[in-house]
Amino acid sequence: MQKVPKTTRVKKLLGSDFDVILTSWSADYDPTTFLDMMTTGNSYNFGGWSSSEYDSLMKTANTTANMQTRWDAMVKAEKLLMKAQGVIPLYQNATNYMRNPKLTGVINNAAGGEPGWRGVDLK
């Protein structure tokens with residue numbers, strides 16, 4: 001086990017010079033933010049994990065207009081990824097808020113970022 005500076009960790013990531021590495025990623029829109037990373041040949045798939053079944057499921061998720069078909073493909077892809085341990089999630093960041101029920105106008109970010117406070121009012 002080695003604790004290394006970020007620049008060294010990034011160099012090892014890019015050179016595939018690791019057996020296991022701890023890194024992080026944050027979602028910015030929906031589950032494909034994470035799931036697309038593990039498709040074959042993706043530049044963020046640092047471990048080089050590959051599955052033709054997974055790739056096919058993600059192709060379906062990324063090309064269908066049917067929301068249920070898309071969701072089902074993403075769920076199947078995630079289950080396959082977790083079973084094969086192509087990546088091993090350790091934790092998920094979260095922020096909890098206590099909110100006065102009289103507070104109105106809060107805009108929630110679906111990807112889990114900070115709420116939008118502009119235009120908020122306490123009635």
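The expected span of a helix is 1.5 Å times one less than its number of residues. In this predicted model, helix α3 covers residues 52–63 and so offers a case to which that rule applies. Helix α3 has 12 residues, and the distance from its first C-alpha to its last is 16 Å, close to the expected 16 Å.

The two sides of α3 were examined next. Tyr 54, Leu 57, Met 58 and Ala 61 are the buried residues of this helix. Seen down the axis of α3, these residues fall within an arc of 95 degrees, so they line one face of the helix. An α-helix has 3.6 residues a turn, so residues three or four places apart point the same way. The cover over the buried residues of α3 includes α2 (32–35) and α4 (67–84). On the face turned away from the buried side, α3 carries the exposed residues Ser 52, Lys 59 and Thr 63.

Charged pairs were then considered. Side chains of opposite charge can pair when their charged atoms come close. A search of the whole structure finds 3 salt bridges. One of them joins Asp 30 to Arg 70, with the closest N and O atoms 2.7 Å apart. Asp 30 lies in the loop between α1 and α2, whereas Arg 70 belongs to helix α4, so the pair ties together parts that are 40 residues apart in sequence. Arg 70 has a relative accessibility of 15% and counts as buried, because buried means under 20% relative accessible area.

Another salt bridge is formed by Asp 17 and Lys 12, whose closest N and O atoms are 3.3 Å apart. Asp 17 is partly exposed, at a relative accessible area of 46%. Lys 12 is also partly exposed, with a value of 21%. In a further salt bridge, the side chains of Lys 123 and Asp 121 meet at 3.2 Å, N to O. Lys 123 is exposed, with a relative accessible area of 64%, while Asp 121, at 36% relative accessibility, counts as partly exposed.

The surface also holds a nonpolar patch of about 500 Å², made by Leu 22, Ile 88, Leu 90 and Tyr 91. Within this patch, Leu 22 comes from the loop between α1 (6–14) and α2. The relative accessible area of Leu 22 is 59%, and the residue is therefore classed as exposed, since exposed means over 50%.

How values were computed:
Residues are numbered from 1 along each chain as its sequence is written. This is a predicted model: local features need pLDDT of at least 70, side-chain atom pairs count only at pLDDT 80 or more; totals for chains, interfaces and linings use all residues. Side-chain values use heavy atoms; hydrogens and water are left out. Helices (H or I, at least four residues) and strands (E, at least two) are DSSP runs, numbered from the N terminus. Buried means under 20% relative accessible area, exposed over 50%, partly exposed in between (1.4 Å probe, protein chains only). The arc is that of the directions from the helix axis to the C-beta atoms. Contact means heavy atoms within 4.5 Å. Patches are made of residues with over 30% relative accessible area and no salt bridge: like charges are joined within 9 Å, nonpolar side chains (Val, Leu, Ile, Met, Phe, Trp, Tyr) within 5 Å. Accessible areas come from the Shrake-Rupley method with a 1.4 Å probe; for residues, only the protein chains shown count as cover. A salt bridge is a side-chain nitrogen of Lys or Arg within 4 Å of a carboxyl oxygen of Asp or Glu.
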